[in-house]
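Q: Please show how each feature of the following model should be read.

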Amino acid sequence: MASYGQSAPILEYSGEAGQLVDDPEFNLSVENSQSLIKKVLEAIPATHTSCIHSETLILNSSSENRKLQYLAINLGIPSAPTLNALTDNFTLETCLRRMSEGLQVHQDLLRAVVQRLANTESITALLTDIRDLRIQINRMLKAVQVAESPLAVQPTATSLASRLTGDYEVQVATHLTLVQLQSFGQDIVRSLRNIAQANGERD
């Protein structure tokens with residue numbers, strides 16, 4: 001986990017915005033994270049096009065993707081963590097922890113499928129951006145967490161890799177991972193905006 005040197009004191013208050021952090025480096029990490037998640041989301045359509053050759057696997061088809069959810073269960077693809085607006089019950093630490101855990105899940109899933117794909121360049125680039133984003137998220141998490149505790153780890157890569165028995169399974173797993181990453185990434189955008197607005201209200 002990446003870390004800061006010396007963090008400034010954390011300021012908290014109750015209410016819709018949850019916690020505020022009076023730390024220029026924290027605010028810089030928020031900005032860097034916003035740029036990186038934008039880059040990730042912009043790369044997903046092209047990555048999908050380069051990796052998926054089945055015409056039935058469409059990135060932005062909600063109805064078709066719902067039909068494939070049983071395959072997500074069969075392949076052992078876990079759901080992304082839920083991200084909510086900051087409140088007293090959903091703190092900044094909880095939000096950042098779930099962001100990090102969700103990014104780790106998608107990193108593991110993409111690492112499992114990339115070994116079975118013919119075209120790996122776009123997935124590899126996407127993995128680099130997700131890694132960089134997770135570094136920024138973990139920096140913020142380290143600045144706000146009350147007591148350091150390990151992030152939840154799921155054996156997603158091993159579980160999925162053992163179920164990729166043919167090209168169709170590889171295609172579906174890659175497709176479902178990108179679809180879910182796109183949705184989770186949009187949730188991250190909203191959460192980072194929420195965090196930035198909360199900190200901005202203090203200025």
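## Pocket, salt bridges and helix packing

Q: By class, how many residues of each kind has the lining of the largest pocket?

A: Five are nonpolar, four polar and none charged; Ala, Val, Leu, Ile, Met, Phe, Trp, Tyr, Cys and Pro count as nonpolar, Asp, Glu, Lys and Arg as charged, and the others, Gly among them, as polar. This is a predicted model: local features need pLDDT of at least 70 and side-chain atom pairs 80 or more, whereas totals for chains, interfaces and linings use all residues. Numbering starts from 1 along each chain as its sequence is written, and side-chain values use heavy atoms, without hydrogens or water.

Q: Which residues line the largest pocket?

A: A pocket is an open set of 1 Å grid points, over the protein atoms alone, where a 1.4 Å probe fits, with protein on both sides within 12 Å along at least five of seven lines; lining residues have an atom within 4 Å of a point. Here they are Gln69, Ala72, Ile77, Pro78, Ser79, Leu176, Val179, Gln180 and Ser183. The largest share, four residues, comes from H7.

Q: Which side chains meet in a salt bridge at 3.3 Å, N to O?

A: A salt bridge requires a Lys or Arg side-chain nitrogen within 4 Å of an Asp or Glu carboxyl oxygen. Asp129 and Lys39 form this one, linking helix H5 to helix H1 across 90 residues. The count comes to six salt bridges.

Q: How should the crossing of H1 and H5 be read?

A: The crossing is left-handed, that is, the near helix is turned anticlockwise from the far one by less than a right angle. Their contact has 15 nonpolar, seven polar and four charged residues.

Key:
Helix = DSSP H or I, 4+ residues; strand = E, 2+ residues; numbered from the N terminus.
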